[in-house]
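Colleague: Please pick one part of this model and take me through it closely. I am new to helix packing, so go step by step. Then show me where else I can practise.

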Amino acid sequence: MVSVELYQTKHGFVHLLIKPSSDPETYVVTVDSTTGNPMFVGIPMDDIFPDYGLAISYITEKFESKLRLKGEGLIGMAQADNQVFIAIIDKSETSGVLPGGHTIKVVKHVTFYSINTSNNKQAKNPFEDFQLNDNHYFCETYDLTRLYPSKFKPYEPDESFCWNNGWTKPFKDMGIRNCCITLMQGIGYTYEGPEKEYKIAHLCRRSSVNPGTRYAARGLNSKGSPGNEVEAELIFFKGENWVSVRWRRGSIPIHWATVLNSKVSSPIHCVDKENYFEGTPEYFISLKERFGVPDIRCVSLLQTNEGHSEAEILEYFKTAITRLYDAGVDNVFYTPFDLNQRLHEDGSGEAMNDFVSYIGPMMDDAGFNIGQGLEIKELQKSLLRFNCADSLDRTNLATFYFALFVTAKWCRENGYANKVDENALPNEVVPQHIIDFLAKSFVECGNIVAMLYTNTPAIKVKAIKKFSPSLENTSNDTAITLQRRLENVMNDHVRQRTIELWTDPTPLTWSHRLSHTYIRVIEGAPHMIVENTVSAFKLEKGTLIIGLQTPMLLTAVLVMFLPARDESPHFMKIETGLTIDDLSEIANLTLPTIENAMWSRYRVGMQEKWGYSHKGNKFIRFIKFTFSEEKPIVIGNIKIEAKSCPSQAGIITLQDCKQPDEQTLKRFDYGFNGFVNSKRTLSDALSLEKLRLGLHVPDEIRVELALKSGISPWQCDSFSRITAASNDFCCNCMKKLQENEMIYRMRQAWLLQGLIVEEDKLGQPKTINICQNCIDEIFAYSHGTEPYEDAYRTAVKPPKSPTITLPFNEVVDSTKDISSNTQAFVYKGNDKILTEKFEVKDSLHFTLSFTPNSILSFVCFDTDTEFQVKIQDKICQKVALSDNRIIYKLEEPLISNLVDFEISCDGVHSVDNFRVFGSVMEINEQNPIDIKNYQGKVISYDIPVQMFTDGNIRQEKCQILDKNPIHKFVVEMRVGGPNNLSFVIQFKSQGKTVYEKKIILPETSPGNRMSFKTDCTQPCDAVVVNYLDRTSFFRQPLFRFIYKK
């Protein structure tokens, strides 16, 4: 049985504990309550446990978590309206049990746990109106999305009949799809005969490929799937032997729609006369492949009288069947039966007799599927597909007649018939208790399909009740028909949006504020520095190295900085990489002096937006912080924000621009001078951007040239100008647009956002308005954007992490694998040793780094020869296992986190699945410094100056009257919204720059003051601040200055 528990920590994380029926292990998924994104890496004893109770103890004791929800099935996670929802089934009822003890359960109640991912007021749950309860079923231990018998695992469904595909995708991407149940629409009922001689199962599964309401999901959609398509089986079990009959029902498989011209007019069925046949051959080919039958017989229940509203779709359906032969599909046959007319003329009993006598021969020819256990010995010879206009009431009744007929045939063949006379009617042959089961299940199936499609119960159920007098039914067909019309007009558009949201939810962003579980401190500080505390720590060498448990994209670092003291850092250099000996600098930041301890966020992963030098987005595992040159410093806690890529699909990013040669610089300098001497409109900036991209010149060089030329860097950056463009002005000439003026629109390119494309290119981030006078000039620059994007586009994929090679129940010497990529890394040597097969030529030396205080017991790997293995120069004892697997064991366990290995052999041989086994001791870390010892002092400054702002070019200026050099400048964050964070500040004297500094401010609380010391020795008469942020807003912080006396 599946067990699901949701725990909430006081530090802003949610833990999902899932014990699937399919696995002995228990999984722990950590969800960040700020972003709503889940994290699972597969670390033994961190997020995967051999025992459910052990997982609970770990979560409650280590994180002080409290139980919030408990359920018996996880539907999954989905995002909508700035909220992430976790859906847990907390009540279900058994509706059937298949042979082998596979229990089918009906969903009775679902609880949604919501995480608000924005600062806005939490909105209503948009999923709560999706009709889950009583209409969906699941089986934890058997795959019911395929025809019986299925050899697939329950967590490997046919997604065409799974209704929580979008909800399970996050777990599928993380490699733990088995944690979620497979949700199906329809019924899964079983009935056991007297003395348990036999069992009958009625399975109906509704397709999820064309989801929608009655008038929205008609006929074939763009995926070639009919609306309201249902696959059904009737299975008869006797011991291990079974026989079954399979059929389909659905709306007419051509392209057509129903149109309501007004709320009071009658609906009109309209065929897409040009494209009606598109996808029809492929649909029938897919049926033949799925069912393995030579023939498909379409039983059409449409009304056949002339002038009826169904006449047009009937005519085109018959034409489509005729055209199939020319399309190479020669196994589909058309059989009409106007069920409404027969019911009207003859009543329910006679209608069944007419139906059986008319299509009985083809039902006899179809035969049964025959099998034993999972083996199929014989397949039915043809497939019947039933349809009316909606695949609702007539279809449900006709398939009931069909089921009664085949059940009568089975009863005759197995000795359960009331009458054996060949002329006896099906209801005279089948025992009443079986008829009662069939009638109840078909009425229930009809109601569920009708409720999901029309939001009303089924009609024509009285015709079924006639065969089962004990069946309760108080429905009124006339009232239901009127209710359906009301639903079509008033509510279907709301229901349609809910269905679309449910089946295709917004993808998760996979951005995380990492729990300390997934961060490892390698050098420089105790592990507490990355935990959810507020403390101070001394870094003796001024550096800190941390590792991530899986490769990720770094997006931001948060550091708790403390008020000024001798041990306070003045800069922060950040280096990252996949291996510890190959780190690249991504930022070198000037740190301010502050009044009080404050959290500071630096969005180093959003380089294009916040003024950082572009270093490209790369997957990393190690982050090195340098705060001083070999001097002790004191800082507070550090938090990491990063983006994972569990699907291994990678990301699309930009290639880096390399440092250009002298000739290239001259060409760009010449083009830049042309911009300086132009009108500096958007078209001029676009021309400069295309030149820069064509020459592969980095952004930083354009900024340098702008500052030397005395113009705003923002003004010559087309990316910034497009991002900040106002809808009230022409983006090129900046003329105010009039209400009745002809306006043209262009769009910002998706990848190279300093370029533009035509407006009809959907999915672009930003629209800009252009006046009639400028459109020809701007339109010319929209041409040729795609070749530039193709040249710069590059795909970055995360490196593959190895899987754990030994399951929990295969433990040697009470140890565990401590060398998976989540717990160890190659410090020196071939970095593929822990991830891939590698070769050894005579001998190979390498060094591995493990979790601090690791106890090593032995190494284990696959090979076809004999090796000598040394660990820390000590020869290991060989122990052979099966299948070329060998253990090399230390005489005494080794305690170390940095271990040298030497592997030797004769000649060249390969090694695969190299693993180290051992355990980890408890770590007694140094106590942190009490943060109360770091009390702040108010930053004082001289008389404030008046800054003059030009928002059109993102620049501020002020005059300086004091004759002393500026010693410090103070920045105060404004209240009322986000501030611009990156700028270049220049001190000028008689027009010449005497001091220049690029500053990137941290995101911090409004009102916080930060002072920056300058090394300026000359007085100045003016200060110029040029902002570099590429933002739509412009809210500059406040500046104050302190002078040398």
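Modeller: Start with one term: two residues are in contact when heavy atoms lie within 4.5 Å. Keep in mind that this model is predicted. Two packed helices are described by the angle between their axes and the distance between the axes.

Now look at helix α5, residues 339-366, and helix α6, residues 393-414. Their axes come within 10 Å. They cross at roughly 45°. Angles under 35 degrees count as roughly parallel, and 65 to 115 as roughly perpendicular. The pair α5 and α6 is therefore oblique. The crossing of α5 and α6 is right-handed.

Which residues of α5 meet α6? From the start of α5, pick out Leu 339, Asn 340 and Leu 343. Go on to Ser 348, Ala 351, Met 352, Phe 355 and Val 356. Then come Gly 360, Met 363 and Asp 364. On the α6 side, find Arg 394, Leu 397, Ala 398 and Tyr 401. Phe 402, Leu 404, Phe 405 and Lys 409 in α6 also take part. Sort the residues of this contact by type: 13 are nonpolar, three polar and three charged.

For practice, try a second pair. Helix α13 (residues 662-676) packs against helix α15 (residues 699-709). The angle is about 50°, and the axes are 11 Å apart. That makes α13 oblique to α15. The crossing of α13 past α15 is right-handed. From α13, the contact takes in Leu 665, Phe 668, Asp 669, Phe 672 and Val 676. From α15, Ile 701, Arg 702, Leu 705, Ala 706 and Ser 709 meet them. Here seven residues are nonpolar, one is polar and two are charged.

Next, a sheet. Three strands form an open sheet in the order β35-β34-β36, with antiparallel pairing. β35 (756-758) and β36 (767-771) stand at the edges. Each has a single partner strand, so one side of each is left without a neighbour in the sheet. On average, neighbouring strands are turned by 45° against each other, direction ignored. Strand β34, residues 743-748, is joined to β36 by five bridges. Find Met 746, and opposite stands Ile 768 in β36.

Last, step back. Domain 2 covers 208-231 and 250-436. Domain 3 covers 513-644, and domain 4 covers 662-795. The centres of domain 3 and domain 4 are 35 Å apart, taken over C-alpha atoms.

Technical notes. Residues numbered from 1 in each chain as written. Predicted model: local features only at pLDDT ≥ 70, side-chain atom pairs only at ≥ 80, totals over all residues. Heavy atoms only, no water. Axes fitted to C-alpha atoms, helices over the stretch in contact; angles between N-to-C directions. Helix = DSSP H or I, 4+ residues; strand = E, 2+ residues; numbered from the N terminus. Parallel < 35°, antiparallel > 145°, perpendicular 65-115°, else oblique. Left-handed = near helix turned anticlockwise from the far one by under 90°. Nonpolar A, V, L, I, M, F, W, Y, C, P; charged D, E, K, R; others polar. Pairing = 2+ DSSP bridges. Domains from an automatic or database assignment.
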